[in-house]
Amino acid sequence: MKVCLLYENNERLIGEGYYDQESIIQDLGLKSVFSVSAKDLVYEDGNVKKVEQEDLFLTDALRRVMMVPLRTKEEIVYRQEIVKDFLANEEQVRELYDISRDVVFKWGTLGKIPGEKAKQSNPVTRLTTDIRIIRLLCDSLSRVRHVMEEGWEPSSKGLKNFKKDLSLNFSREREENIRRVLDDISFYTDGSDEEDSGKGRTVKPRIVLESGLEDGLKLSSLKLEEVSSSGTKFYRPGSTMDKIQNFKNSLIPDSFPVVGDVRIAEQTDLLEFGVVSFLVDRIRGFIDEFQSFFTQLKFQSGFYLAAVQLKAQMERFGVGFCYPEVCGNRDMEFADLKELVMAVEQRVVVIGNSCRFDKKDLLIITGANQGGKSTFLRSIGIAQVMMQCGLPVAAARYKSGIFPGIFVHFTRREDSEMNSGRLDEELKRMNGIVENLREDSLLLLNESFATTTEKEGSVIAYDIIKALVEAGVRIFTVTHLLSFARRVHEEMKDDPDSAVEFLSAERKENGVRTYRMIRHEPELTSFGLDLYEEIVEKNVSI
Amino acid sequence: MSEEAKVRAGDFSILDGYDKEMDPLEVPSFYRDLNIIQILDKIEKRWGRSVRRFYRYLPANRETEDYRRSVFSDVKKDPVYGALMKFVADMEEVSQIRGEKEKAVDPLQKAVWLIREIECYCDAYELLGKELGASGLSSEGMQTLRDVIGAYIKSAEYRGMREQTSALLEEIRSMRFVLTYDRDRISVSLGEVPGDGAYEEMVRKAFGGEKKTLSNPFIINPYITEFEKQCLDILKKKKPEFFKKLKAVASANADYRKKVLDRFEKEIVFYLSFRTLELEMEGLGYCFAAPGTEEDAPMRAEGLYDLALAITATADDRDVISNDFIYEEGDRFFVLTGPNQGGKTTFARSLGQLVYFTKIGLDVPARSANVHYFTGLQTHFSVEESIETGRGKLKEELVRLVPMMNERMKTSFVVINELFTTAASYDAIIMGKKVLGHFLGLGCMGIYVTHLKELTDKAEGIVSLRAMLDENGIQTFKISRGEADDVPCAENQVNKYRLTYKQLKERL
């Protein structure tokens, strides 16, 4: 049975995910999002009392899901609905996760990893392991069914389907059938279970079968008529009661004892083994059917648990959230969009930005340092990645297209020394991006090509960005390359339908930064740069 | 001896003339030269080592060759071949069961295996008899076989054995009993369970899947286990008559096999093994023909090829060249010259194979052929891997030549490949002519491959053949009549095919 909580019809993540995920995670600071989502908050009287340790499985699950974008509005809504269901029923997602984590762990201690062949070479051990796995699956599925059926009514398509599939694939009738066989063959495992020993009782089998004779006079064409287990009083071998018991049994006509003769005892073990493994083989389909169920449930419910915990963290740090909407790729609109990582990491009140771009292909953000440009760019990147995996985002409203290709090309100021090696590395990364561009790509450039002279960097940026935009790539760039920005501005300033938008970090007249982005043409920040720009322009625009 | 008399004497042979007494280890000298070994290696893969000995022995007279040829023509008929192959498979089952019987320790188990062996044996012969009866058989050998089998399965002795064993097996197979394992004891009672396997049916209904039954948990042990023995002991008490009869029938039929048929079973493999190879090779596009044996018509073949080469070549997917030839009236010896690697040896070998397969009564590797009767087949190939050189090699060649030349059979077919390569040409020409003259004088036919064009000098009975080159001087591997040339310098060709030492070192 499939879990299908991430996709309606797919159990595993579709596609390889974003290109150069390491850069996306690093440049957008997503590690903080992963890890904060993996921590449970314990409340007391409405206040956070304790932050639990990070569950590394959740960190990883969230990372893996976030790095593989959804491709359609329907897929996004499918997950969003489930998130809503679980936000209203936190207890349930936690239980689903706990149960499946428990199964995967116990399965592991039985010496098998779900989905893998048994490693034991001893067939008897293998058989008893299988029986225990069947029992474990049966108990756990019944718990999952209980969680799904008691005390709430999911409204999302995904959870409704899951509930329905479960009641079909693990019906009460099926459970009863399995449990009946498990009870009947309990003689095979119960003696070895710790809780059964030392109680003065043993479980003994009763097996009735019909047989014929094969050509070599061996038993053949067996028909299994009866199998059952029953507890009987245990008598110490050789004790008086044991002797009396043996004597009584020996009165059974046309019979022989299975104890006493080593060969017969061994062969009777073989008979028991044969009967039990015959029956377990019939149920093995059950193991096969559910062997990856709990691994998947652990992973998929883990994602939603992380979402639920992330929401709690957002509340804790005063960040609002909304379920983003999908619109055309050239449009974008958001209100009070906040940079989640900064909020989580620095625990400060983060300024939200509101913007609306219609039919824009290129967004150029300029302005003074420390004005919040990079933060703004990151907030869009983070929101876009979160939206594309079905999570809510840190904004009052967020509306955007779907970009299966998100690319980041950030230069971190602190290591942007000017040398050809660094530029070479930048160009190489750009080359990698270009090779992997696909339809509906979004490229976030942060101070790209700042590792060479402004002049050279501008030319490089101009050429690359022009070409990419013409190829249909949406580009949001934060840049100090003013000659580049001016040049673009010169070209588009008389065109009312221009696909370029210029933003700048707002600065009050008294020089105070507001950390808000406003529409603003690129300005020259100093005479020197002005001069430089003119020289550059002359040299470049032939 | 008439066939009937032979049958009575237990001497019927489908090979006729195959001598049981011959030393199976003795390998005829032409065997290696003609690469028969490679052909048999191939056949052995499917049929086992024992089949080789039948190929080693050349029948002593023309009648035997004809006898076999007509048997083989029957064997080649699809229904007959099918029936015989089925029979061989059935007999393999018989020997498997015999193996079980021989392994068994328990006398009861031994007895039952014997009964089962007899059943399988009888089934096989009854089916074969029926199939042969329904097929039109034209050969004396196969007709006799059909009659022998027919008489055998109608005999009172056979019928009695058949009925008794069938009845016993029937009873064993229909015997049902119930084992109840409870309170540390197994009890056994005759009869069936009331629910006809109620538990497994319940499980099947509950969990689906195809019907499958519990198999004997002691199956890996072919012997009767102590557990099973205990069960049998109880059954013996319950059915004493049956077990007594089982013992009696088994001991009365311990030596059930028919001698004359034993021999047939072994010998038939000769024909089947070759037919199987034929079918496989035909599937790859090679052809075979039953050779004509008219003495009045010229000896000839069309599309003759080296079967050994074809067998080894199939893996590399190389084309195997075939050739036509004819010994016109008065022609006795082909003297074949031509460039190295031009297909001379292959042609000589295929000619030898043609005679060989005709002599043992099988088909030949050619599209069509007429082959005369020869009393023997003599070959002499230079031993390339011989460590001897110079005088030593010449000596070795001459030593091997002696018994050949001493074999004063009037009509041997002689294949000689490159004699005296290490001797001075002047000497070699003289020696070669002497050898040729010797065999011509005896009235033998054959082929002599040589690099000495002088040996093609006109003489009675000598025909000059050449391995042909095309207009570019490349080998065509085609052999045809024509005056011998000087062997052209091969430098260019070798270069062209990048086969010089340096080139090969680079390529490998």
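This report walks through a predicted model of two protein chains, A and B.

## Chain A at a glance

Let us start with the overall make-up of chain A. It contains 18 helices and 15 strands. Of its 542 residues, 41% are buried. If you look at the contacts in chain A with a separation of 6 or more, 73% of them involve residues 24 or more positions apart.

## Where the chains meet

The two chains touch each other through 49 residues of chain B and 47 residues of chain A. On the chain B side, the elements that give two or more residues are the helices α7 (107-134), α9 (156-174), α10 (198-207) and α11 (226-238), along with the strands β1 and β2. By residue class, that side of chain B divides into 25 nonpolar, 11 polar and 13 charged residues.

Strand pairing also crosses from one chain to the other. Strand β5 of chain A, residues 255-257, pairs with β2(B) in the antiparallel sense, over 3 bridges. If you would like a spot to zoom in on, F256(A) stands opposite I186(B) of β2(B).

## A sheet in chain B and the helix on it

Chain B has an open sheet of 6 strands with mixed pairing, in the order β7-β8-β9-β5-β10-β11. Its edge strands are β7 (376-381) and β11 (475-481), each of which pairs on one side only. On average, and with direction ignored, neighbouring strands of this sheet are turned by 15° against each other.

At one end of that order, β7(B) runs parallel to β8(B), residues 412-417, and 6 bridges join the two. Within this pair, T379(B) has V415(B) as its bridge partner. Helix α15 of chain B, residues 344-359, packs on the sheet and touches β5 (333-337), β7, β8, β9 (445-449), β10 (462-469) and β11. The direction of α15(B) makes about 160° with that of β8(B).

## The nonpolar core

The largest nonpolar core holds 258 residues, and the members that touch the most others are Y304(A), A383(A), L336(B) and L354(B). Leaving aside neighbours within four places in sequence, L354(B) is in contact with A301(B), L304(B), V364(B), A366(B), A369(B) and V371(B).

## Two helices side by side

Helix α6 of chain B (residues 78-103) and α7(B) have axes that come within 9 Å and cross at roughly 175°. An angle over 145 degrees counts as roughly antiparallel, and α6(B) and α7(B) are therefore roughly antiparallel to each other. The residues of the contact between α6(B) and α7(B) divide into 14 nonpolar, no polar and 11 charged. Helix α7(B) also appears among the elements on the side of chain B that touches chain A.

## Two loop residues with positive phi

Two backbone angles may be worth a look in your viewer. In E447(A), a residue other than glycine, phi is positive, near 55°. E447(A) lies in the loop between β12 (441-446) and α16 (454-470) of chain A. Is E447(A) buried or exposed? With 21 other C-beta atoms within 10 Å, E447(A) is buried, because the cut-off for a buried residue is 20 or more.

Over in chain B, R183(B) also has a positive phi, near 45°, and is likewise not a glycine. R183(B) sits in the loop between β1 (177-182) and β2 (185-190) of chain B. With 18 other C-beta atoms within 10 Å, R183(B) is partly exposed. The strands on either side of this loop, β1 and β2, are among the elements that give residues to the side of chain B that touches chain A.

Methods: Residues are numbered from 1 along each chain as its sequence is written. Chains are lettered from A and ligands numbered from 1 in the order in which they are written. This is a predicted model: local features need pLDDT of at least 70, side-chain atom pairs count only at pLDDT 80 or more; totals for chains, interfaces and linings use all residues. Helices (H or I, at least four residues) and strands (E, at least two) are DSSP runs, numbered from the N terminus. A residue is buried if 20 or more other C-beta atoms lie within 10 Å of its own, exposed if 12 or fewer, and partly exposed in between; C-beta atoms are placed from the backbone. Two residues are in contact if their C-beta atoms, placed from the backbone, lie within 7 Å. Ala, Val, Leu, Ile, Met, Phe, Trp, Tyr, Cys and Pro count as nonpolar, Asp, Glu, Lys and Arg as charged, and the others, Gly among them, as polar. Two strands pair if DSSP finds at least two bridges between them. A nonpolar core is a set of buried Ala, Val, Leu, Ile, Met, Phe, Trp, Tyr and Cys residues joined through C-beta atoms within 7 Å. Axes are lines fitted to C-alpha atoms, for helices over the stretch in contact, and angles run from 0 to 180 degrees between N-to-C directions. Angles under 35 degrees count as roughly parallel, over 145 as roughly antiparallel, 65 to 115 as roughly perpendicular and the rest as oblique.
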